[in-house]
Amino acid sequence: MTLSPSYIGRFAPSPTGPLHAGSLVAALASWLDARAHGGQWLVRIEDIDPPRCQPGADTRILAQLHALGLVPDAPPVWQSQRGDRYQQALDRLVERGLAYPCGCTRRDIEAAVAAQQPGRPRHSELVYPGTCRHGLHGQATRAWRVRTTELPAGVSPATLADEAPHIGSDASGHWTVAWLDRRLGDLRQDLTQDVGDFVLRRADGLWAYQLAVVVDDGEQAITHIVRGGDLTDNTPRQLWLQRLLGLPHPAYLHVPLVLDAQGEKLSKQHGAPAIDTGTPAACRQALDDAARALSLPPASAANGIAPALAHWVAAWGRQYINHPKIA
């Protein structure tokens, strides 16, 4: 099979446990999209948060994917081995005045936000108020943040007519990111108001997901990202960082989440059971369930894993490539 160099996709699980039904949906969707495009499919282990990682989960995930017929086209990459790349990216942003040190604790941020917004609901999302944007005021550096309030000289916002995604500011100085999701359609977020200056390196010294994923997608030349819908609101932050670092913007498609009996996202943190890949029949059942969650037509029960996957590749191509579906 000849793979197209114009398409590189990836599946990037966190090794906080083995694959479960929800993560398999994301894995299958990203693999199908790559195969339907005739492209490459990579696996990246996102293990930059060691306290949350489960020993041996990375190798178990890779074994599960192999048993399910979802085999990457190159050796996997581990984020824990790439800290020097993230430091280089942070250094570039700092040198250009795009990132700055922050000395605030969470309690400091809560107090500052409460003073600025007395009527704010207690448990609503905290948006950093910019306390350290113009200096630490005698505090020690705890974390590093990226600016979302302005684009300094040398970084030009694109216009919708010139380049997608569109990043533009309004009269209040807020920066809005607008982009097209291949399933959800046109989306936008006021990054300044809804997110604020977000963290690139945490107070505990660990790298933030947003910076790591953007650096890795750029270095791996990822052109298409297919992932779970819970990551949709991460996209504007990643598009912003891509623009600041001069990296290309991948195309995005966010698939529906698998929910538990209480209507909550199925997750390892909430005890989602591991996918059974002990027998071909169990693997086929897991794939059937994942395909059903993606609204793909059933494959013949008489066929094995490979013919079923080929059936779903063709169906995916009809749904998202030949006749792109915006739902």
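The UniProt record, in an unreviewed entry, lists a binding site made up of R10, F11, A12, P13, S14, E46, Y209 and R227. Please keep in mind throughout that what we have before us is a predicted model. I shall take two of the listed residues, E46 and Y209, and look at where the model places them.

I begin with E46. E46 sits in the loop between β2, which covers residues 39-45, and α2, which covers residues 57-67. Is E46 buried or exposed? E46 is buried, because its relative accessible area is 7%, and buried means under 20%. What does E46 touch, once its neighbours within four places in sequence are set aside? E46 is in contact with A12, P13, S14, P15, Q79, Y209 and V213. Please compare those names with the record, where A12, P13, S14 and Y209 are also listed for the binding site.

Let us turn to Y209. Y209 belongs to helix α6, which spans residues 209-219. With a relative accessible area of 25%, Y209 is partly exposed. Leaving out residues up to four places away in sequence, Y209 touches E46, I48, R227, L231, N234 and Q238. Two of the names in that set, E46 and R227, appear in the binding-site annotation as well.

The same unreviewed entry type in UniProt carries a second feature, a short sequence motif called the 'HIGH' region, placed at residues 13-23. Over residues 13-23 the chain is 27% helix and 0% strand. The C-alpha atoms at the two ends of that stretch are 8 Å apart.

Helix α6 leads us to the next topic, the cavity. How many cavities of 30 Å³ or more are counted? The count comes to one, and about 40 Å³ of space lies in the largest cavity. The lining of the largest cavity consists of V214, D217, G218, A221, I222, Q242, P248 and P250. By class, that lining has five nonpolar, two polar and one charged residues. Which element gives the largest share of the lining? Helix α6 does, with three residues.

One of the lining residues, A221, deserves a separate remark. A221 lies in the loop between α6 and β10, the strand at residues 224-228. Although A221 is not a glycine, its phi is positive, at about 55°. A221 is partly exposed, with a relative accessible area of 40%.

A positive phi is also found at S295, about 60°, and S295 is not a glycine either. S295 is in the loop between α8, residues 280-293, and α9, residues 305-322. Is S295 buried or exposed? S295 is exposed, because its relative accessible area is 53% and the limit for exposed is over 50%.

Another lining residue, Q242, takes us to helix α7, since Q242 is among the buried residues of α7. Helix α7 runs over residues 235-245 and is mostly covered, with eleven of its eleven residues buried. The buried residues include T235, R237, W240 and L245. Q238, which touches Y209, is likewise one of the buried residues of α7. Just after α7, G246 takes a positive phi of about 70°.

The next residue is C132, located in the loop between α4, residues 106-116, and β5, residues 143-146. C132 is buried, with a relative accessible area of 2%. Aside from neighbours within four places in sequence, C132 is in contact with Y100, P101, C102, G103, C104 and Q139. Consider the pair C132 and Y100: the two are 32 residues apart in sequence, and their C-alpha atoms are 7.9 Å apart in space.

I close with the protein as a whole. Its secondary structure comes to nine helices and eleven strands. Of its 327 residues, 49% count as buried. Among contacts between residues at least 6 apart in sequence, 75% join residues at least 24 apart.

How confident is the predictor, and where is that confidence highest and lowest among the elements? The average pLDDT of the protein is 88, and 86% of the residues score at least 70. Among the elements, β2 has the highest mean pLDDT, 98, while strand β6, at residues 166-169, has the lowest, 80. Strand β2 is the element that comes before the loop holding E46, the residue with which I began the closer look.

Terms used:
Residues numbered from 1 in each chain as written. Predicted model: local features only at pLDDT ≥ 70, side-chain atom pairs only at ≥ 80, totals over all residues. Heavy atoms only, no water. 1 Å grid on protein atoms, 1.4 Å probe; cavity = no way out; pocket = protein on both sides within 12 Å on 5 of 7 lines; lining within 4 Å. Points joined across faces, edges and corners; volume = space filled by probe spheres on them. Helix = DSSP H or I, 4+ residues; strand = E, 2+ residues; numbered from the N terminus. Nonpolar A, V, L, I, M, F, W, Y, C, P; charged D, E, K, R; others polar. UniProt positions renumbered as here; feature names shortened; annotations may be inferred. Buried < 20%, exposed > 50% of the residue type's maximum accessible area, 1.4 Å probe, protein only. Contact = heavy atoms within 4.5 Å. pLDDT = per-residue confidence, 0-100.
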